[in-house]
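Please look through the sequence and the 3D structure below, and then follow the explanation that comes after them.

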Amino acid sequence: MTEVSVTKDAIPPGADDLVVLKNVNKHFGALHVLQDIDLTIARGEVVVVIGPSGSGKSTLCRAINRLETIDSGAISIDGKPLPQEGKELARLRADVGMVFQSFNLFAHKTVLENVTLGQIKVRKTGKAEAETKARGLLDRVGVASQADKYPAQLSGGQQQRVAIARALAMDPKVMLFDEPTSALDPEMINEVLEVMQQLARDGMTMVVVTHEMGFARSAANRVVFMADGRIVEEATPDQFFSNPRSDRAKDFLSKIL
Ligand code: ADP
Ligand code: MG
């Protein structure tokens, strides 16, 4: 098996592009929330997206998963444009795993059912096979013993790890994380970040919106800094944190570091 090592080096241009956004624009009424976004994410790359509140980070993630439509431009995953509706759209959502700040587990399903449901409904996996896979994933994220509980019986950190397992159960091509630790009590943040670190080491393609700069430094190939709906700066974590070029980024870093 080849070991995919995640380093802080930028992935060179011409690598295997997985997610491509070209000149993407999105408005909410008069608000131009995504402005001329060009972003290419290579297979196996970990991109951390940071920026002030309201800069469009969540909208960017939601557009990649087609939870939001875009007004102009193009988004493709693995060479294919985003589908508009129906079964194709369900498959896209399976290919693009998403983990939200607020966990979003199915409250009336057990942990195990949360992780088998999509496999059975979207991937058409048999129940026994889906359960075996789910138990393996729950073990991988460290919550195997919680399989028969309901989400409300778990801590926030455990719920978020189940949410990661649920997304992974679909064998996604890319995982999007939108502030996955922002709603957690401080003592639970690391257990979720460690699962994400491991995923990064295993070679998963990841887009991570986070304020966890330690994670960005150690796991990201690239930092994308957004402000006012634009990508203002892109750099390796070392470059970005030690020598931000734009005034916006300098100002932002001075407030959070
Ligand atoms: P971030 O995740 O960087 O904080 P968002 O993508 O959530 O930013 O939001 C960007 C801007 O778009 C904000 O000003 C926000 O209020 C606005 N916005 C987000 N979603 C909607 C919506 N559904 N309707 C109207 N405005 C929205
Ligand atoms: Mg957001």
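A polar contact is a pair of N or O atoms within 3.5 Å; within protein, one of the two must be able to donate a hydrogen and the other to accept it, and residues adjacent in sequence count only if both atoms are side-chain atoms. With this in mind, begin at S58, where a polar side-chain atom lies 2.9 Å from an oxygen atom of ligand 1. The backbone takes part as well, since a polar backbone atom of G54 is 2.7 Å from an oxygen atom of ligand 1, and a polar backbone atom of S55 is 3.1 Å from an oxygen atom of ligand 1. On its own, ligand 1 has 560 Å² of accessible area (from the Shrake-Rupley method with a 1.4 Å probe), and the protein covers 58% of that area.

Two elements, β2 (31-42) and α1 (57-64), give two or more residues to the shell around ligand 1, and α1 gives the most, with three residues. Helices (H or I, at least four residues) and strands (E, at least two) are DSSP runs, numbered from the N terminus.

Elsewhere, the axes of helix α5 (residues 156-168) and helix α6 (residues 186-201) come within 8 Å and cross at roughly 20 degrees, where axes are lines fitted to C-alpha atoms, for helices over the stretch in contact, and angles run from 0 to 180 degrees between N-to-C directions. Angles under 35 degrees count as roughly parallel, over 145 as roughly antiparallel, 65 to 115 as roughly perpendicular and the rest as oblique, and therefore α5 and α6 are roughly parallel to each other.

This is a predicted model, in which local features need pLDDT of at least 70 and side-chain atom pairs count only at pLDDT 80 or more, while totals for chains, interfaces and linings use all residues. Residues are numbered from 1 along each chain as its sequence is written, chains are lettered from A and ligands numbered from 1 in the order in which they are written, and side-chain values use heavy atoms, with hydrogens and water left out.
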